[in-house]
Amino acid sequence: MKKEFRSYMYVFIAGSLWGTIGFFVKMMQHYGSSSAYTSFLRMAIGFLILVVITLVKDGPKAFKIGKNTLLSCVLLGFICQAVYNVAYSNAVNSIGVSLSAVLLYTAPVFTSITSFLLFKEKIGKQKYLALFINIIGCALTVTGGHFDTLSFGAVGLLFGLAAGFCYSLAAIFGRLATDEGSPFAVATYNFLFATLFLAVFHPWTTVEDPFCLPVILVGIGFALIPTALSYIFYFKGLQGITESSKVPVVASVETVVATIIGILVFHEKLGVGNIIGIILVLSSILVMNLSFGHDKRK
């Protein structure tokens with residue numbers, strides 16, 4: 001029980017670090033980076049950082065992984081990073097940041113369904129309740145309850161749901177990969193393949209100066225904090241978790257951290273709806289992970 005609690009804490013820390021993504025994206029945009037180039041730098045520099053960390057931590061032997069683990073890493077890099085970034089960027093451009101963020105956190109539902117099909121994980125009343133609270137909480141945290149200001153579009157909605165689905169698969173592929181490989185090596189290969197896939201689109205051609213020093217420096221911070229370190233914690237957590245469907249709910253603390261940063265750093269307004277949303281998100285994490293003796297199907 002202590003080991004599994006520690007594993008969920010690792011995922012919680014990873015989600016908290018992901019909550020700083022918006023800060024780094026806005027800073028890089030401020031210095032002239034494009035969305036495509038920002039995503040590429042995040043993966044590429046993150047890969048280099050992880051190579052060094054993995055070599056220091058586990059040595060060259062850590063990179064020797066089985067075919068199944070390597071395949072999972074390919075899927076992680078392609079679907080959960082490259083395709084996810086493309087889908088989410090298109091969603092933001094089509095329907096805006098708020099609705100895209102809400103659609104992204106349909107991920108726990110997708111993970112629950114996929115985990116049921118692949119791992120035969122049961123979806124009991126406790127999980128249904130936690131998922132419901134989580135989705136409502138994320139929606140309120142991001143929008144503050146002002147749904148009338150959201151811009152809807154069929155294509156944007158599809159991109160948003162596609163991003164949520166890709167994001168949900170990280171818990172599935174990550175669990176399969178970390179069954180055999182080191183979390184450091186898994187994260188490294190994940191970013192290697194993501195970098196290769198994103199490089200196909202030549203993202204450096206979307207900016208005037210690919211070697212702009214402020215962009216590179218902020219990019220290093222972006223690649224280290226909510227990328228390399230967060231994924232090490234994430235994959236480390238997945239090693240000790242038996243129920244993949246719980247992972248996105250715990251990681252949804254990201255929306256809480258992102259909202260708090262928006263208030264403290266960018267002076268965004270916090271309304272009653274946002275506060276209720278934050279409380280609901282944190283409550284959903286508690287509901288998902290507390291043990292209730294009468295719920296045998298969780």
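## Exercises on a predicted helical model

Asp58 and Lys57 make a salt bridge, with their closest N and O atoms 3.7 Å apart. Keep that pair in mind; we'll come back to salt bridges below. One caution before starting: this is a predicted model.

**Exercise 1. Check the Asp58 pair against the salt-bridge cut-off, and work out where Lys57 sits with respect to solvent.**

Step 1. A salt bridge needs a side-chain nitrogen of Lys or Arg within 4 Å of a carboxyl oxygen of Asp or Glu. Asp58 and Lys57 come in at 3.7 Å for the closest N and O atoms, so the pair counts under that cut-off of 4 Å.

Step 2. Now the surroundings. Exposed means over 50% relative accessible area. Lys57 has 52%, so it is exposed.

Step 3. For the wider tally, the structure holds 5 salt bridges.

**Exercise 2. Trace the salt bridges made by Lys127, and say which residues end up in one network.**

Step 1. Start with the general idea: side chains of opposite charge can pair when their charged atoms come close.

Step 2. Glu121 pairs with Lys127, and their closest N and O atoms are 3.8 Å apart. Glu243 forms a salt bridge with Lys127 too, this time with 2.8 Å between the closest N and O atoms.

Step 3. Look at where the Glu243 pair sits in the chain. Glu243 belongs to the loop between helix 10 and helix 11 (247-251), while Lys127 is in helix 7; the two are 116 residues apart, and the pair links distant parts of the chain.

Step 4. Check burial, for which the cut-off is under 20% relative accessible area. Lys127 has 1% relative accessibility, so it counts as buried. Glu243 is buried as well, at 16%. Glu121 is also buried.

Step 5. Put the shared partners together. The salt bridges join Glu121, Lys127, Arg175, Glu243 and Lys246 into one network.

**Exercise 3. Find two non-glycine residues with positive phi, and place each one.**

Step 1. Here's the background: most residues other than glycine have a negative phi.

Step 2. Take Lys120. Its phi is positive, about 60 degrees, although it is not a glycine. Lys120 lies in the loop between helix 6 (107-119) and helix 7 (125-143). With a relative accessible area of 60%, Lys120 is exposed.

Step 3. Then His202. This one is not a glycine either, and has a positive phi of about 50 degrees. You'll find His202 in the loop between helix 9 (183-199) and helix 10 (213-239). At 43% relative accessible area, His202 is partly exposed.

**Exercise 4. Compare the spans of helix 6 and helix 8 with what 1.5 Å a residue predicts, then describe each helix.**

Step 1. Helix 6 has 13 residues, which should span 18 Å at 1.5 Å a residue; the end C-alpha atoms are 17 Å apart, which agrees.

Step 2. Sort the residues of helix 6. Ala107, Pro108, Thr111, Ser112, Thr114 and Ser115 are buried. Elsewhere in helix 6 is Leu118, which is exposed with a relative accessible area of 51%. Together, Val109, Ile113, Phe116, Leu117 and Leu118 make a nonpolar surface patch of about 450 Å².

Step 3. Move on to helix 8 (residues 154-178). Its 25 residues reach 37 Å from first C-alpha to last, close to the expected 36 Å.

Step 4. Check helix 8 for bends. A kink of about 25 degrees is centred on Ala170.

**Exercise 5. Assess the overall fold, and find a close contact between residues far apart along the chain.**

Step 1. Count the elements: the protein chain has 13 helices and 0 strands. Its radius of gyration is 18 Å, close to the 19 Å that the globule rule gives for 298 residues, so the chain is as compact as a globular protein of that length.

Step 2. Add dimensions and burial. Along the principal axes, the C-alpha atoms fill a box of roughly 60 × 50 × 35 Å. Of the 298 residues, 53% count as buried.

Step 3. Turn to Ala14, in helix 1 (residues 2-18). Ala14 has 0% relative accessibility, so it counts as buried. Between the C-alpha atoms of Ala14 and Ser230 there is a separation of 4.3 Å, although the two residues are 216 residues apart along the chain.

Conventions: Residues numbered from 1 in each chain as written. Predicted model: local features only at pLDDT ≥ 70, side-chain atom pairs only at ≥ 80, totals over all residues. Heavy atoms only, no water. Helix = DSSP H or I, 4+ residues; strand = E, 2+ residues; numbered from the N terminus. Buried < 20%, exposed > 50% of the residue type's maximum accessible area, 1.4 Å probe, protein only. Expected span 1.5 Å × (residues − 1). Patch = residues over 30% accessible without salt bridge, like charges linked within 9 Å, V, L, I, M, F, W, Y side chains within 5 Å. Areas by Shrake-Rupley, 256 points an atom, 1.4 Å probe, with all protein chains shown as cover. Bend = angle between axes of the 7 residues up to and from the residue. Rg over C-alpha atoms; globule rule 2.2 N^0.38 Å.
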